[in-house]
Amino acid sequence: NLPTLYNDNDDDFIIIAHRGASAYYPENTMIAFKKAVEMEAEMIELDVMMSKDGVPIVFHDAKLNRHTNGSSYIKLYSLKELKNLDAGSWFHPKFSDQTIPTLEEVLTFASGKVALNIEIKTEAVSNDIENSIEQKALQLVKKYGMRNHVLFSSFDYRAVQHLKKLDPDIPVALLYNRNQSRRLLPHQLVEQYNVDAFNCSYRQLKRKWMADLNKHKIPTFIYTVDSKRRMQKLIAGGVTGIFTNKPDLLKSVVQNY
Ligand code: G3P
């Protein structure tokens with residue numbers, strides 16, 4: 001199962017905007033997501049965590065320090081407190097109106113428009129599956145009619161298992177984590193966790209792995225690639241999609257390929 005795209009112009013290859021058009025706009029904010037769609041990204045990657053009061057919110061780091069005017073751990077704050085923070089000035093003062101989006105805000109925007117790769121952050125994963133962030137995110141995805149237009153992923157293989165247990169047909173990718181993978185080949189991991197795709201960094205991708213993934217026809221998504229040459233090499237190698245901070249550049253590479 002792979003998500004259905006709303007604007008798949010280039011056969012099977014998928015342009016994924018990593019945290020939005022984050023080379024040009026503050027990552028994981030509504031403006032970065034909107035601009036990614038304008039640049040014709042077919043999927044937007046975003047990171048999901050939980051506020052103190054249990055609301056799925058879109059943010060990458062465990063701590064607020066780097067990308068807001070707040071400090072300490074995000075999980076210590078309620079949604080109301082988080083919404084008062086400035087999530088754009090760190091990038092440029094002209095983005096001071098950007099706040100931390102909720103997953104629900106992003107789904108409202110994306111529904112009917114663009115597919116999403118929802119990465120469940122390890123920090124938010126627990127063994128309590130019924131009250132898990134995976135369950136909450138899944139419910140929101142269904143509420144907004146996005147069930148066939150999302151790809152979930154996580155570095156925490158527990159989250160991957162929870163998602164498949166909660167909804168066996170929901171598209172899920174294993175986000176390669178060396179510590180949880182023993183010495184298994186990608187196709188063995190994909191089989192073991194019963195997932196739909198394999199995601200990993202271009203830094204980790206071995207030649208042997210690419211051959212294994214192609215042989216087993218496993219959809220493969222590679223992050224985070226902002227160089228034209230590397231994009232071309234990966235496309236030639238047969239990857240299914242690339243995460244980039246520069247969706248406009250990847251679009252031009254795909255068009256001229
Ligand atoms: O999901 C692909 C990529 O975003 C994973 O790395 O650090 O951006 O969560 P990171």
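**View 1. Residues around the ligand in the predicted model.** In this predicted model, the ligand is surrounded by His18, Glu45, Asp47, Glu119, Ser153, Leu175, Asn199, Tyr223 and Phe243. By class, this shell divides into three nonpolar, three polar and three charged residues. Two of the shell residues, Glu45 and Asp47, point one way from strand β2 together with Met43 and Met49. Another shell residue, Glu119, points one way from strand β4 together with Ala115 and Asn117.

**View 2. Strand β2 and its two faces.** Strand β2 covers residues 43-50, and eight of its eight residues are buried. In a regular strand, side chains alternate between the two faces of the sheet. In β2, Met43, Glu45, Asp47 and Met49 make up one set, while Ile44, Leu46, Val48 and Met50 point the other way. Both sets are buried, and the strand as a whole is mostly covered.

**View 3. Pairing of β1 with β2 and the crossover through α1.** Strand β1 (residues 14-18) pairs with β2 in the parallel sense, over three bridges. One residue to look for is Ile16, whose bridge partner in β2 is Met43. From β1 the chain passes through helix α1 (residues 30-38) to reach β2, and this β-α-β crossover is right-handed. The loop between α1 and β2 contains Glu40. Glu40 is not a glycine, yet has a positive phi of about 70 degrees. Most residues other than glycine have a negative phi. Glu40 counts as partly exposed because it has 18 C-beta neighbours inside 10 Å, a count between the limits of 12 or fewer for exposed and 20 or more for buried.

**View 4. The hairpin of β2 and β3.** Strand β3 (residues 56-58) runs antiparallel to β2, and three bridges join the two. Met49 has Ile57 of β3 as its bridge partner. Five residues lie between the strands of this hairpin. Gly54 in the hairpin takes a positive phi near 80 degrees.

**View 5. Strand β4 beside β2.** Strand β4 (residues 115-120) pairs with β2 in the parallel sense over six bridges. Across this pairing, Leu46 stands opposite Ile118, and Val48 stands opposite Ile120. Like β2, β4 is mostly covered, with six of its six residues buried. Ala115, Asn117 and Glu119 point one way from β4, whereas Leu116, Ile118 and Ile120 point the other way. The residues of both sets are buried.

**View 6. From β4 to β5 by way of α4.** Strand β5 (residues 150-154) runs parallel to β4, and four bridges join them. Asn117 has Leu151 as its bridge partner in β5. Together with helix α4 (residues 133-143), β4 and β5 make a right-handed β-α-β unit. Ser153, which lies within the range of β5, is one of the residues around the ligand.

**View 7. Packing of helix α5.** Helix α5 spans residues 157-166, and its buried residues are Tyr157, Ala159, Val160, His162 and Leu163. These buried residues pack against β4, α4 and β5, and also against β6 (172-175) and α6 (186-193).

**View 8. The loop between α7 and β8.** Lys217 lies in the loop between α7 (207-215) and β8 (220-223). The phi of Lys217 is positive, about 50 degrees, although this residue is not a glycine. Lys217 counts as exposed because it has 10 C-beta neighbours inside 10 Å, and the limit for exposed is 12 or fewer.

**View 9. Asp97 in the loop between α2 and α3.** Asp97 is placed in the loop between α2 (79-83) and α3 (103-110). With 12 other C-beta atoms within 10 Å, Asp97 is exposed. Leu85 is 12 residues from Asp97 along the chain, and the C-alpha atoms of the two are separated by 9.3 Å.

**View 10. The annotated span and its ends.** The UniProt record, an unreviewed entry, places the feature "domain: GP-PDE" at residues 13-254. In the model, the end C-alpha atoms of this span lie 8 Å apart. The span is 32% helix and 18% strand.

Methods
Residues are numbered from 1 along each chain as its sequence is written. A residue is near a molecule or strand if its C-beta atom, placed from the backbone, lies within 6 Å of it. Ala, Val, Leu, Ile, Met, Phe, Trp, Tyr, Cys and Pro count as nonpolar, Asp, Glu, Lys and Arg as charged, and the others, Gly among them, as polar. Two strands pair if DSSP finds at least two bridges between them. A crossover is right-handed if, with the strands pointing away from the viewer, the path from the first strand over the helix to the second runs clockwise. UniProt positions are given in the numbering used here, feature names are shortened, and annotations may be inferred rather than shown by experiment. Two residues are in contact if their C-beta atoms, placed from the backbone, lie within 7 Å.
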